[in-house]
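Biologist: I'd like to go through this one with you and hear the reasoning behind the labels. Could you put it up?

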Amino acid sequence: MPRYHVKILGPDYDAMADLVRTYNVTVARHTAEKLVEGGYRIDAHATGTQIRRLEAAGYTVDRYEDADKTGKARQAEIRKLKKTVEAEDHLVAAAPQYLNVAQVESALAAAASAPNESFTKLITLPRKTWENRVCHALKIGKGEGANRPGIYFLGGVHAREWGSCDILINFVQLLTQAYRTNTGVTLGTKTYTAAQIRSIVNTKDIVVFPQANPDGRNHSMTKDAMWRKNRRPAPAGHAEAQCVGVDINRNYDFLWNYTRYFDPAAPIANSKDPCEAEVYIGPRAMSEPETKNAVWLFDQFPNISYFIDVHSYSEAILFNWGDDTNQINDPGMNFQNAAFDGKRGIATDAEYKEFIDSADRTAIVALANRMRDAIKTVRGRNYNVQQSVGLYPTAGTSDDYAFSRHIVDAGKAKVYSYTIEWGAASNPTPFHPPYSEMMMIIREITLALLEFCFRAK
Ligand SMILES: [Zn+2]
């Protein structure tokens, strides 16, 4: 069944909420716009059948791309170039195409394997994926000490968002090479001096896990370009392709079971049916090896106090919370309080709002603004700094899980957590734009990550 990138226009909040509550459309949540002339518009992808249903219900749907056709064209570009380009030079700046699964792994290993290295460490993650792949992370940091802040970058969670792995590999290569050669880094009009690079590596631990879902990435790059989930086998009796996989970024232990089944009024797309939607939450919280690996790093490095999960798209820097609108006055109104079960997940009402400490909120936003300003120096793109919830709440995501850890268990570090959604909705194949455009995005986000490392205390 062909899928299309579409823009959907609806008259009011309820109509937009119904896109996920009733019509099960996969929306690009952070592209929702309130139009001056009235109504809302959002980027989504939908099948022909879904489009006809929506049109019959009064929505205006503009198709702008056959997602499967353009995805196939992008896969063909990779295959053609991979035949002629040897992968011995992994520097993304010199590579003409997206790194495949093996290249991401070998680039990470190469960054860790320089002779006489004492500031990088390759880490083998404990869980193999469903297709038996072994994952690795890299820790960058010279020296020891309990007071060193830990910074954790995660990428490649959603299979089709190809550029996230390339961004993190580029970041690793730039930072390690600059440190090794005692030089600075210049991207766009911004420069970090050799001394600034040294101060990052000598005083902080940076943990980079660039390819959390290699099975999904491989599937997206070779078969179904729009694939999002991991590759957990379909339940017995289900041969349909869409019944495979769990959405790793709905599988974390944060309000995991908070779906629209639990609360039919809330426009939370999360699904308990593996065959129904791309946002299948899995059989249990943390059921997936990929989720367990991502969480294991938090536990392995208890000094981690900053976290960014790199996704696409919508040119946004998102901060907590994702389950409802924030409030700063009532600490008792929070995700752990069962008295509010069934009341969360509607962004426009006052019945429930998620508590965030006012000082934390200020610090979190200030750091996000630093990243936004860094991105802007490359070519003027203006990323939106916004609360994750937007029009559409979520549950079970990595950033909310990360920030909830210290609330659930006071013995754990407070982790300021973000999701970056790179790339514009207007790009062709926005999840994996042409590589010339991706290279500009790689510069922008690499710069944001460097700025983040520099400012995180
Ligand atoms: Zn994503």
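Biologist: What makes you call H158 buried or exposed?

Modeller: This is a predicted model, and in it H158 has a relative accessibility of 3%. Buried means under 20%, so H158 counts as buried.

Biologist: And how do you know whether H311 is buried or exposed?

Modeller: By the cut-off of under 20% again. H311 comes out at 2% relative accessibility, so H311 is buried.

Biologist: Which atoms are the protein donors of the zinc ion?

Modeller: H158 and H311 each give ND1, and E161 is listed twice through OE. These donors lie 2.0 to 2.4 Å from the zinc ion, and the cut-off for a donor is within 2.8 Å of the metal. Along the chain their spacing reads H-x2-E-x149-H.

Biologist: What do H158 and H311 tie together?

Modeller: H158 sits in the loop between β8 (150-155) and α5 (163-181), while H311 belongs to strand β12 (residues 304-312), so the pair ties together parts that are 153 residues apart in sequence.

Biologist: Why is the arrangement around the zinc ion called irregular?

Modeller: Look at the angles. Four donors count as tetrahedral if all angles lie between 85 and 135 degrees, but the four donor atoms here subtend angles of 56 to 145 degrees. Square planar asks for opposite donors over 155 degrees apart. With angles of 56 to 145 degrees, the arrangement is irregular. One caution: water is not among the atoms, so sites may look incomplete.

Biologist: Moving to helix α6, how do you know that its buried residues line one face?

Modeller: The buried residues of α6 (residues 194-203) are A194, I197, I200 and V201. Viewed down the axis of α6, they fall within an arc of 125 degrees, so they line one face of the helix. An α-helix has 3.6 residues a turn, so residues three or four places apart point the same way.

Biologist: Which elements do the buried residues of α6 pack against?

Modeller: Among them are β7 (136-140), α5, β11 (205-209) and α11 (435-455).

Biologist: Why is the pair D43 and K7 called a salt bridge?

Modeller: The test is a side-chain nitrogen of Lys or Arg within 4 Å of a carboxyl oxygen of Asp or Glu. D43 and K7 meet at 2.9 Å, N to O, so the pair passes. D43 is in strand β4 (residues 40-47) and K7 in strand β1 (residues 3-10), 36 residues apart, which makes this a link between distant parts of the chain.

Biologist: Are D43 and K7 buried, exposed or partly exposed, and what makes them so?

Modeller: D43, at 2% relative accessibility, counts as buried. K7 has a relative accessible area of 25%; exposed needs over 50%, so K7 is partly exposed.

Biologist: What about K412 and D409: how do you know they meet in a salt bridge?

Modeller: Their N to O distance is 3.9 Å, and the limit is within 4 Å, so K412 and D409 meet in a salt bridge. K412 is partly exposed at 33% relative accessibility, and D409 is partly exposed at 34%. Elsewhere, salt bridges that share partners join E131, R133, D215 and R231 into one network.

Biologist: Last one: is A402 buried or exposed, and why?

Modeller: A402, in helix α10 (residues 398-408), has 0% relative accessibility, so A402 counts as buried. Leaving aside neighbours within four places in sequence, A402 is in contact with F298, F307, V415 and S417.

Technical notes. Residues are numbered from 1 along each chain as its sequence is written. This is a predicted model: local features need pLDDT of at least 70, side-chain atom pairs count only at pLDDT 80 or more; totals for chains, interfaces and linings use all residues. Side-chain values use heavy atoms; hydrogens and water are left out. Donors are N, O and S atoms within 2.8 Å of the metal (3.2 Å for Na, K and Ca); water is not among the atoms, so sites may look incomplete. Four donors count as tetrahedral if all angles lie between 85 and 135 degrees; four count as square planar and six as octahedral if opposite donors are over 155 degrees apart and all others between 65 and 115; anything else is irregular. Helices (H or I, at least four residues) and strands (E, at least two) are DSSP runs, numbered from the N terminus. Buried means under 20% relative accessible area, exposed over 50%, partly exposed in between (1.4 Å probe, protein chains only). The arc is that of the directions from the helix axis to the C-beta atoms. Contact means heavy atoms within 4.5 Å.
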